[in-house]
Amino acid sequence: RIEGNLKHVSRGLHSNGYDDFKTPMLSQTNRHWVKLKKYFDSLDQAVRELRPITERIKVNNTIIVMVCNFGQSALLINFACSSRARRFDISNLLVFATDKETLELSQSLGLSAYYDDRK
């Protein structure tokens with residue numbers, strides 16, 4: 001439980017009180033709500049798709065989550081190979097791929113991966 005009043009402090013707040021980040025306008029907020037609605041509308045289906053993956057790979061009820069796009073593929077390859085060379089257990093690693101190429105690459109590396117192609 002938190003006692004007392006909480007005050008929002010922006011990461012752009014300067015000691016002189018100037019804030020680099022302005023409150024979004026209503027039109028911007030409405031655009032973001034449209035995007036969030038798409039997310040919430042597909043959330044239940046995504047959870048149903050993820051549950052069997054997470055149940056299969058969890059270790060002590062723990063999953064390591066990584067997000068990767070194809071531009072970061074060299075880093076993903078390096079991470080997987082280096083981890084295995086050092087005998088790190090990455091069997092509970094789940095890669096959230098942002099594109100099909102990264103999904104296929106992750107799976108070819110023997111990693112569990114998930115890609116949601118709903119737009």
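**Stop 1: the largest pocket**

Start by selecting Lys38, Tyr39, Ser42, Asp116 and Arg118: in this predicted model, these residues lie nearest the centre of the largest pocket, which has a lining of 15 residues. The volume of this pocket is about 470 Å³. Now colour helix H1, residues 26-57, and strand E2, residues 93-97; each of these two elements supplies at least two residues of the lining. Which element gives the most to the lining? The answer is H1, with six residues. If you colour the lining by residue class, you will find nine nonpolar residues, two polar ones and four charged ones.

**Stop 2: Asp116, at the pocket**

Stay with Asp116, one of the residues nearest the pocket centre. Asp116 sits in the segment after E3. Is Asp116 buried, partly exposed or exposed? Its relative accessible area is 26%, so Asp116 counts as partly exposed. Show the side chain of Asp116 and the backbone of Arg118: the side chain reaches the backbone nitrogen of Arg118 at 2.9 Å. Both Asp116 and Arg118 belong to the group nearest the pocket centre, and you can keep them on screen together. For a distance to draw next, pick the C-alpha atoms of Asp116 and Leu103, which are 13 residues apart along the chain and separated by 9.8 Å.

**Stop 3: the largest nonpolar core**

Leu103 leads on to the next selection. Together with Leu76, Leu93, Val95, Leu109 and Leu111, Leu103 is among the residues that touch the most other members of the largest nonpolar core, a set of 14 residues. Strand E1 (64-68), helix H2 (73-85), E2 and helix H3 (100-108) are the elements that give two or more residues to this core. With three residues, E2 gives the most.

Centre the view on Leu76 and display what surrounds it. Setting aside neighbours within four places in sequence, Leu76 is in contact with Met66, Cys68, Val95, Thr102, Leu105, Ser106, Leu109 and Leu111. Then select Leu50, Ile53, Leu94 and Tyr114: these are included in a second, separate core of six residues.

**Stop 4: Thr102 and Ser108, on helix H3**

From Leu76, move to one of its contacts, Thr102. Thr102 lies in helix H3. With a relative accessibility of 0%, Thr102 is under the 20% cut-off and therefore counts as buried. Not counting residues up to four places away in sequence, Thr102 touches Cys68, Asn69, Phe70, Leu76 and Ala97.

Follow H3 along to Ser108, which lies in this helix too. Ser108 has 58% relative accessibility, so it counts as exposed. Where does the side chain of Ser108 reach? Look towards the backbone oxygen of Leu105, which the side chain meets at 2.7 Å.

**Stop 5: Ser112, on strand E3**

Select Ser112 next, in strand E3, residues 112-114. Its relative accessible area is 11%, so Ser112 is buried. Display the side chains of Ser112 and Arg56 and you will see a polar contact of 3.5 Å joining them. Leaving out residues up to four places away in sequence, Ser112 touches Ile53, Arg56, Ile57, Leu93, Leu94 and Val95. You have already met several of these names: Leu93 and Val95 at the largest core, and Ile53 and Leu94 at the second one.

**Stop 6: Asp44, on helix H1**

Go back to helix H1 and pick Asp44. Asp44 is exposed because its relative accessibility is 54%. Draw a line from the C-alpha atom of Asp44 to that of Val59: the two residues are 15 apart along the chain, and the separation is 24 Å.

**Stop 7: two loops with positive phi**

Most residues other than glycine have a negative phi. Against that background, finish with a pair of backbone angles. Asn61 is in the loop between H1 and E1, and its phi is positive, near 60°. At 65% relative accessibility, Asn61 is over the cut-off of 50% and so counts as exposed.

The other residue to select is Arg87, in the loop between H2 and E2. What is the phi of Arg87? It is positive, about 60°, although Arg87 is not a glycine. Arg87 is exposed as well, because its relative accessible area is 77%.

Technical notes: Residues are numbered from 1 along each chain as its sequence is written. This is a predicted model: local features need pLDDT of at least 70, side-chain atom pairs count only at pLDDT 80 or more; totals for chains, interfaces and linings use all residues. Side-chain values use heavy atoms; hydrogens and water are left out. On a 1 Å grid over the protein atoms alone, a cavity is a set of points where a 1.4 Å probe fits but cannot get out, and a pocket is an open set with protein on both sides within 12 Å along at least five of seven lines; lining residues have an atom within 4 Å of a point. Grid points are joined across faces, edges and corners, and a volume is the space filled by probe spheres set on the points. Helices (H or I, at least four residues) and strands (E, at least two) are DSSP runs, numbered from the N terminus. Ala, Val, Leu, Ile, Met, Phe, Trp, Tyr, Cys and Pro count as nonpolar, Asp, Glu, Lys and Arg as charged, and the others, Gly among them, as polar. A nonpolar core is a set of buried Ala, Val, Leu, Ile, Met, Phe, Trp, Tyr and Cys residues joined through side-chain atoms within 4.5 Å. Buried means under 20% relative accessible area, exposed over 50%, partly exposed in between (1.4 Å probe, protein chains only). Contact means heavy atoms within 4.5 Å. A polar contact is a pair of N or O atoms within 3.5 Å; within protein, one must be able to donate a hydrogen and the other to accept it, and residues adjacent in sequence count only if both atoms are side-chain atoms.
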